[in-house]
Amino acid sequence: MARTIQIRCCIAGGGPAGMMLGYLLARAGVDVLVLEKHADFLRDFRGDTIHPSTMEVLARLGLLAEFLRLPHQRVETLGARIGRDWVEIADFRYLPVAAPFIAMMPQWDFLDFLAGKAKPLPGFRLLMETRATGLLTKADHVTGLTAEGPDGPVRIAADLTVAADGRGSVLRAASGLTLTDLGAPIDVLWFRLPRLATDPGQTQGSFDAGRIVILINRGTYWQCAYVVPKDGFGAVKAAGLQQFRDRLGPLLPFNPGRVDAISGWDDVKLLNVQVNRLDRWWRPGFLAIGDAAHAMSPVGGVGVNLAVADAVAAANILAEPLRMGAPDNAVLARIQAHRAAPTKAIQRFQVFAQNRILKPTLGRTALARAPLPLRLITALPGGRRLLGRMVGLGPRPEYPDASIFESPET
C-alpha cells in the first residue's frame, strides 16, 4: 500500500532548476519536498558551465565565496579555432557582477552544494531514489503526484506540483500540455581525454570541414563534445573506431596521439540534442520549469543557467502565495510570462547557430577561414564584450528578491 505525504510544494527532479527552487522556497519559509530519482547526483551528461549570472545569484544569497572554494576552472574568455583562424569570441572580464567568468565545475558538485545548503532548513526535504511516476488530479486541478521510492509507492499531496524532471519529463507527459519541437539537426558525442599540465588552459572549440569538437577543461582531463549530424552516431560507429580517432586527432590543440585513450565505443556516449518548449508551462496546481518546460541545445552552454533563472523567477513570484496556500492560475501564468521571452530569444539563437553554422560546417568539404561577420564582430574588444554579456548573463538574468530572501539561513 502506498504511503502518503502531505506537503505545500513538491518538486520532481533534483537538477539545477529543482534544487535551486527547493532551496529558495525553503529559505523563504515554504515547506517543500524535492524528489531525485537517482541515489546521487553523479551524471556525466549534466552541464558543467556555471555562468556569471548564476554566480551572481549565489553572491546575492551570501553563498558565492564558499561555492568558489570548490574545485573549478575559471574561463574568462572563450575562443575557437575555425579553419586556420583563431577567434577570441567572448570576453567575460568586464561584466558588472561579483564573478566575471564562467566556472567549469562538474554539475554534481554544484548540486551537492545546493543540497548541503538546503538540508538544514526546517521546511526542506529531499528524497533520493524516488522517481515521479504520474500526477494526482481532481477535475482539472493537479493535487499532487505519485512516485516510486526505495520502500515502494508513494502518494504526495501538494498545493503545487513542479515538474523539474528534465527533457524526458514524466510529469510533463502526464500533464497533457502541448510541446512544440523546434528541431535539432545535430547530436553530440561525449567522451574524455587525458589532460596534461602543459596543455592549454582555455576551454575552446575547433571547427574544420565536416568536424567540430568542443574541449572543456576539467583540470585533470578534457571533457570533449564531438558534433555529428542528427542520428549520425550509427554511421560514425560503422566507419570504425580508428577512423573516429583519425578525424578527431587533427582538431586537438595537443598531441593527437592522445585519442588512443578512447579504447572502445563504451567510452563514447550519445547526447540526443533537443530544442523544444511547452506552449503553456502550467495548469491549475502544476508548473513546469527548466528542461521540462523548454529543452535547450548545448550551443552556448546556457542550459544550467537558464534553468536556475527559471527557478529564481519562480521563487520570487511563488514564495508569498505558497506561504498563504495554493497559488492561483494568475500566479502560475506570471512565471511563464516573465520567463517566456528570454527562453524564446535564446532558442532562436540556438536554432540559428545549429542551422546556419554547425550543420553547414558538418557538410563542408573545405573550411579555410572563420566567417567574415564573426571576424568583424570579434575584431574589437567591444564586440567580444557584447558577446560575453550575451553568453554570460543572457537576455534577462534573474536575481533573488532581497525582501524575500534577506533573512539569514538557519
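Arg385 is partly exposed in this predicted model, with a relative accessible area of 37%. The residue sits in helix 11, which covers residues 381-392. Once neighbours within four places in sequence are set aside, Arg385 is left touching Asp91 and Tyr94. Asn316 is another matter: 69 residues separate Arg385 from Asn316 along the chain, and their C-alpha atoms are 29 Å apart.

Leu70 is likewise assigned to the partly exposed class, at 25% relative accessible area. This leucine belongs to the loop that links helix 3 (64-67) to strand 4 (73-75). Leaving out residues up to four places away in sequence, Leu70 touches Met105, Asp109 and Phe113. Between the C-alpha atoms of Leu70 and Gln350 there are 30 Å, and the two residues lie 280 places apart along the chain.

Next come some buried positions. Val34, in strand 2 (residues 32-36), has 0% relative accessibility and so counts as buried. Outside its neighbours within four places in sequence, Val34 has contacts that include Ile11, Gly13 and Gly14, then Gly18, Met19 and Gly22, and also Phe124, Arg125, Leu126 and Leu127. Tyr23 is 11 residues away from Val34 along the chain, with 9.4 Å between the two C-alpha atoms.

Met19 and Tyr23 also turn up in a helix pair, among the helix 1 residues that meet helix 4. Helix 1 spans residues 16-27 and helix 4 spans residues 107-118; their axes come within 9 Å and cross at roughly 20°. With an angle under 35 degrees counting as roughly parallel, helix 1 and helix 4 are therefore roughly parallel to each other. The crossing of helix 1 past helix 4 is left-handed. On the helix 1 side, the contact is built from Pro16, Met19, Met20 and Tyr23, while helix 4 brings in Gln107, Phe110, Leu111, Leu114, Ala115, Lys117 and Ala118. Sorted by class, this contact has 9 nonpolar residues, 1 polar and 1 charged.

The pairing of helix 8 (residues 303-324) with helix 9 runs the other way round: the angle is about 165°, and the axes are 9 Å apart. An angle over 145 degrees counts as roughly antiparallel, and helix 8 and helix 9 are therefore roughly antiparallel to each other. Here helix 8 passes helix 9 in a right-handed crossing. Helix 8 supplies Leu306, Ala309, Asp310, Ala313, Ala314, Ile317, Leu318 and Pro321 to the contact, and they meet Val331, Leu332, Arg334, Ile335, His338, Arg339, Thr343 and Ile346 of helix 9. The class tally for helix 8 with helix 9 is 11 nonpolar, 2 polar and 3 charged residues.

Helix 9, which takes in residues 329-363, also houses Gln354. Despite its polar class, Gln354 has 0% relative accessibility and counts as buried. Neighbours within four places in sequence aside, Gln354 is in contact with Gly183, Ala184, Pro185 and Ile186, with Val273 and Val275, with Ser297 and Val299, and with Lys359 and Pro360.

Arg218 is a charged residue that counts as buried as well, at 8% relative accessibility. Its place is the loop between strand 15 (211-217) and strand 16 (221-229). Two polar contacts involve the Arg218 side chain: one goes to the side chain of Tyr221 at 2.6 Å, and another to the side chain of Gln223 at 2.8 Å.

Two loop residues have unusual backbone angles. Most residues other than glycine have a negative phi. Ala139, though not a glycine, has a positive phi of about 60°. This alanine lies in the loop between strand 9 (131-138) and strand 10 (141-149), and its relative accessible area of 79% makes it exposed. Asp231 is not a glycine either, and its phi is positive at about 60°. The loop that holds Asp231 runs between strand 16 and helix 6 (233-239). At 66% relative accessibility, Asp231 counts as exposed.

How values were computed: Residues are numbered from 1 along each chain as its sequence is written. This is a predicted model: local features need pLDDT of at least 70, side-chain atom pairs count only at pLDDT 80 or more; totals for chains, interfaces and linings use all residues. Side-chain values use heavy atoms; hydrogens and water are left out. Axes are lines fitted to C-alpha atoms, for helices over the stretch in contact, and angles run from 0 to 180 degrees between N-to-C directions. Helices (H or I, at least four residues) and strands (E, at least two) are DSSP runs, numbered from the N terminus. Angles under 35 degrees count as roughly parallel, over 145 as roughly antiparallel, 65 to 115 as roughly perpendicular and the rest as oblique. A crossing is left-handed if the near helix is turned anticlockwise from the far one by less than a right angle, and right-handed if clockwise. Contact means heavy atoms within 4.5 Å. Buried means under 20% relative accessible area, exposed over 50%, partly exposed in between (1.4 Å probe, protein chains only). A polar contact is a pair of N or O atoms within 3.5 Å; within protein, one must be able to donate a hydrogen and the other to accept it, and residues adjacent in sequence count only if both atoms are side-chain atoms.
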